[in-house]
Amino acid sequence: MNPDVLVIGAGVAGLAAARDLSQAGRTVALLEARGRIGGRVHTLHDPAWGLPVELGAEFLHGTADDTMRVARAARLVVDRLPDHHYYTRNGTLATNRDLWATVSRIGKDIARKLARSRAGDFSMAE
């Protein structure tokens with residue numbers, strides 16, 4: 001075989017690249033050092049357990065549209081987790097209804113403090 005393209009690594013990115021290249025008409029060779037494909041995704045299926053156990057990647061962060069397309073094409077099971085976030089204040093558990101706005105605000109606060117800081121460093125308490 002004389003491939004047009006050599007893709008190194010049969011993790012999710014390498015598999016997706018090989019798929020896209022082959023769909024575009026290229027001859028692809030996929031090189032993987034491990035004895036299995038999947039990269040960080042490493043699922044064990046043992047009949048005694050009743051459910052598969054994931055030893056590697058566990059979460060799809062954000063909307064992950066490309067990853068979801070690959071998962072659907074491979075007929076993988078993907079469970080959606082509820083978007084519930086909690087924090088404690090003065091020993092009381094509370095719901096953070098808008099975690100991402102909080103994260104954004106904290107990030108902006110840190111950026112402002114870094115811009116004002118001469119040394120660039122400040123304590124977490126600050």
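Modeller: A quick rule to start with: a residue is called exposed when its relative accessible area is over 50%, buried when it is under 20%, and partly exposed in between. Keep in mind that this is a predicted model.

Biologist: Okay, let's try the rule. What makes Y86 count as buried, exposed or something in between?

Modeller: Y86 lies in strand β5. Its relative accessibility is 52%, and the cut-off is over 50%, so Y86 counts as exposed.

Biologist: And how far is Y86 from T67, in sequence and in space?

Modeller: Along the sequence they are 19 residues apart, while their C-alpha atoms are 27 Å apart in space.

Biologist: Back to the strand for a moment. Why are β5 and β6 called a pair?

Modeller: Two strands pair if there are at least two bridges between them. Strand β5 (residues 86–89) and strand β6 (residues 92–95) are joined by four bridges, so they pass; they run antiparallel. As an example of who faces whom, Y87 stands opposite A94 in β6.

Biologist: What sits between the two strands of that hairpin?

Modeller: Two residues, and N90 takes a positive phi in this hairpin. N90 is found in the loop between β5 and β6.

Biologist: What makes N90 worth a second look?

Modeller: N90 is not a glycine, yet its phi is positive, about 55 degrees. Its relative accessible area is 78%, which is over 50%, so N90 is exposed.

Biologist: Which residue in the loop between α2 and β5 has a positive phi too?

Modeller: R75, which lies in that loop. Its phi is about 60 degrees, although R75 is not a glycine either. With a relative accessible area of 77%, over the 50% mark, R75 is exposed.

Biologist: Now the helices. How do you know that α1 has the span it should have?

Modeller: Count 1.5 Å for each residue after the first. The twelve residues of α1 should then span 16 Å, and the end C-alpha atoms are 16 Å apart, so the two agree. After α1 comes G25, whose phi is positive, near 95 degrees.

Biologist: How many salt bridges are there?

Modeller: Four in the structure. The test is a side-chain nitrogen of Lys or Arg within 4 Å of a carboxyl oxygen of Asp or Glu.

Biologist: Why is the contact of D20 with R19 called a salt bridge?

Modeller: The closest N and O atoms of D20 and R19 are 2.8 Å apart, which is within 4 Å, so the name fits. D20 has a relative accessible area of 41%, so it is partly exposed. R19, at 33%, is partly exposed as well.

Biologist: And what makes D66 and R69 a salt bridge?

Modeller: Their closest N and O atoms are 2.2 Å apart, so they are within the 4 Å limit. D66 and R69 are three residues apart in helix α2, so about one helical turn separates them. In an α-helix there are 3.6 residues a turn, so residues three or four places apart point the same way.

Biologist: Are D66 and R69 buried or exposed, and how do you know?

Modeller: D66, at 55%, is over 50% and so exposed. R69, at 46%, falls in the middle range and so is partly exposed.

Biologist: How do you know that R105 and D109 form a salt bridge?

Modeller: The N to O distance is 3.8 Å, which is still within 4 Å, so R105 and D109 qualify. Four residues apart in helix α3 (residues 99–116), R105 and D109 are about one helical turn from each other. R105 is partly exposed at 46%, and D109 is partly exposed at 26%.

Biologist: Which residues are linked with them in a network?

Modeller: The network of salt bridges links R105, D109 and R112.

Biologist: Last topic: the largest pocket. How much space lies in it, and what lines it?

Modeller: The largest pocket holds about 1700 Å³ of space. Its lining has 40 residues, and the closest to the centre are E58, F59, L60, V77 and V78.

Biologist: Which element gives the most to that lining?

Modeller: α1, with five residues. At least two residues each come from α1 (12–23), β4 (53–54) and α2 (65–73). By kind, the lining divides into 22 nonpolar, ten polar and eight charged residues.

Conventions
Residues numbered from 1 in each chain as written. Predicted model: local features only at pLDDT ≥ 70, side-chain atom pairs only at ≥ 80, totals over all residues. Heavy atoms only, no water. 1 Å grid on protein atoms, 1.4 Å probe; cavity = no way out; pocket = protein on both sides within 12 Å on 5 of 7 lines; lining within 4 Å. Points joined across faces, edges and corners; volume = space filled by probe spheres on them. Nonpolar A, V, L, I, M, F, W, Y, C, P; charged D, E, K, R; others polar. Buried < 20%, exposed > 50% of the residue type's maximum accessible area, 1.4 Å probe, protein only.
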